Amino acid sequence: VLVRAIEGRGLTVDLQAPEGREPNWLLPLHPWIIGDTEQPDDVLFPVIIEYADVTDVRVTYRDPDQAIDVSLATLSMARDAQSGMSKLELAGMVNDMPLSGDGLVGPTSALQTGRDLSLDLELKLAKLEVVARGTVADALSLAGADLILRVRGPRARPLLDLMGMQEVRDGPLSFDGRIVDARPGLQIEAEGRLAEFDLSTHGIIEQPLLLDGADLELFVEGPSLAEAGAIVGLDGFRPVPFAISGRILRNGSVFTVEEGWARAAQGELRLSGTLPNFPRIDDGQATLTGSEFDLAVLGSLLGSSELPSMLFDLRGQLSVDEDGLELVNLTLDEGDIRLDIQGRLGEPPGFVGTVLDARFTGSDLSRMQTVMVVETLPARPFELSGQLLRSGDLWRVENALLQVESLVVRGSGVLDKLVNPGDATASLALASTDLPADLREFGVNLET
């Protein structure tokens, strides 16, 4: 469809995406449908506009994280008859920040077929500049691409606020990305920096539209794991320095992570694993090893804020059975204290359905003060074991056994939190060769 001209004044668009409800708009997905006619797969844009002149446009967008108000004084498009290239221009405000843009895209035949498309576009938001330029032999398959994207700005705050990332620190922003033809597929190179955060990735994707045939290397580093999580929409991480690197491969249904490495605070974690039925996670397996890894940081990676801050060396496996249940078999060794965990994990962040067998052993029970409810603990060798089950908002402890030399405590109970619970009930049975003397070491005096 070729539209010769569009003119408009005083247009208003109100886009609302409230939490828990469908947005108030619907965008068609490819293949395009115009009226009752489905457009063929070899059409990039079914509607081509030769000339447009629209002024005084107001667009509002609202969702739980973002509030965006756009006011466009001018939005124009004009096609050069000789070259067939379309010239675009816009000027206005976004959330009281100046917005401007101009550039060329085309020719018209390329917009229709997606073949031999050229673009040279620039956009400015306050002092933030975005440049996209290059050519694509076939935009529908991304074959024969030679494209660059460059972003520069002395402050990232305008962009962060628009994206609802107020918790991420401000600072200079730069990004350089390039996509070139690799025959087959695409070669990808990208480097970016936001304040003290660094990102780089490079590699090949043989089937970019399917994200298949991928062989990519990734590196991310920054001063706050919590802020990095906010950038990708994940909450619950701690604000500790971090670095992540690894190699990601996909070949059909087989998705693999090789040489995965992460540093959080002073601890390190290495990971390798495979999902043989990607995008499903059933039958997936991963091997973990780590040194001086903070148990609390591991908890935040799993979506839990309940684990105490204790440094461990770590080794073990994570797997997913044929029913999609996540299984864990880990050993955390601190030298004087060892924790063995085996069982099934529920879905984070609530972990409802978790069933774990846990066993603590160590030479000094008093060091478990941050984990156990009891205020006074003796500096004695101990063994603590039991089964942890997550049901609703509560943790159930079953078949618990604590042995401290001659004292043996058996029991079960319910906790609102695993660490420093505010609400706990328990049923206990105690046995000892000298119960009064043993309990005095726990701050309990039976003689008073």
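**View 1. Phe242 is a buried residue, at 3% relative accessibility.** This close-up comes from a predicted model. Buried here means under 20% relative accessible area, so Phe242 falls in that class. Its partner ring belongs to Phe197, which is buried as well, with a relative accessible area of 7%.

**View 2. Phe197 and Phe242 meet as one of two aromatic pairs in the structure.** Two numbers help when looking at such a contact: a pair of aromatic rings is described by the distance of the centres and the angle of the planes. For Phe197 and Phe242 the centres are 6.3 Å apart and the planes make an angle of 45°, a tilted arrangement. Phe197 sits in strand β16 (residues 197-207) and Phe242 in strand β18, so this pair ties together parts that are 45 residues apart in sequence.

**View 3. Phe255 and Phe278 form a stacked aromatic pair.** Here the rings lie 4.9 Å centre to centre, with 20° between the planes. Phe255 belongs to strand β19 (residues 254-264), while Phe278 is in the loop between β20 (267-275) and β21 (285-294), so the pair links parts that are 23 residues apart in sequence. Both rings belong to partly exposed residues: Phe255 has a relative accessible area of 22%, and Phe278 has one of 27%.

**View 4. Glu19, Asp65, Glu167 and Asp235 form a negative surface patch.** Take a look at Asp235, which you will find in the loop between α3 (225-231) and β18 (242-251). Asp235 is exposed, with a relative accessible area of 64%.

Technical notes:
Residues numbered from 1 in each chain as written. Predicted model: local features only at pLDDT ≥ 70, side-chain atom pairs only at ≥ 80, totals over all residues. Heavy atoms only, no water. Patch = residues over 30% accessible without salt bridge, like charges linked within 9 Å, V, L, I, M, F, W, Y side chains within 5 Å. Areas by Shrake-Rupley, 256 points an atom, 1.4 Å probe, with all protein chains shown as cover. Salt bridge = Lys/Arg side-chain N within 4 Å of Asp/Glu carboxyl O. Lys, Arg positive; Asp, Glu negative; His and termini not counted. Charge placed at Lys NZ, Arg CZ, Asp CG, Glu CD. Helix = DSSP H or I, 4+ residues; strand = E, 2+ residues; numbered from the N terminus. Buried < 20%, exposed > 50% of the residue type's maximum accessible area, 1.4 Å probe, protein only. Phe/Tyr/Trp six-rings, centres within 6.5 Å; stacked < 30°, edge-to-face > 60°.
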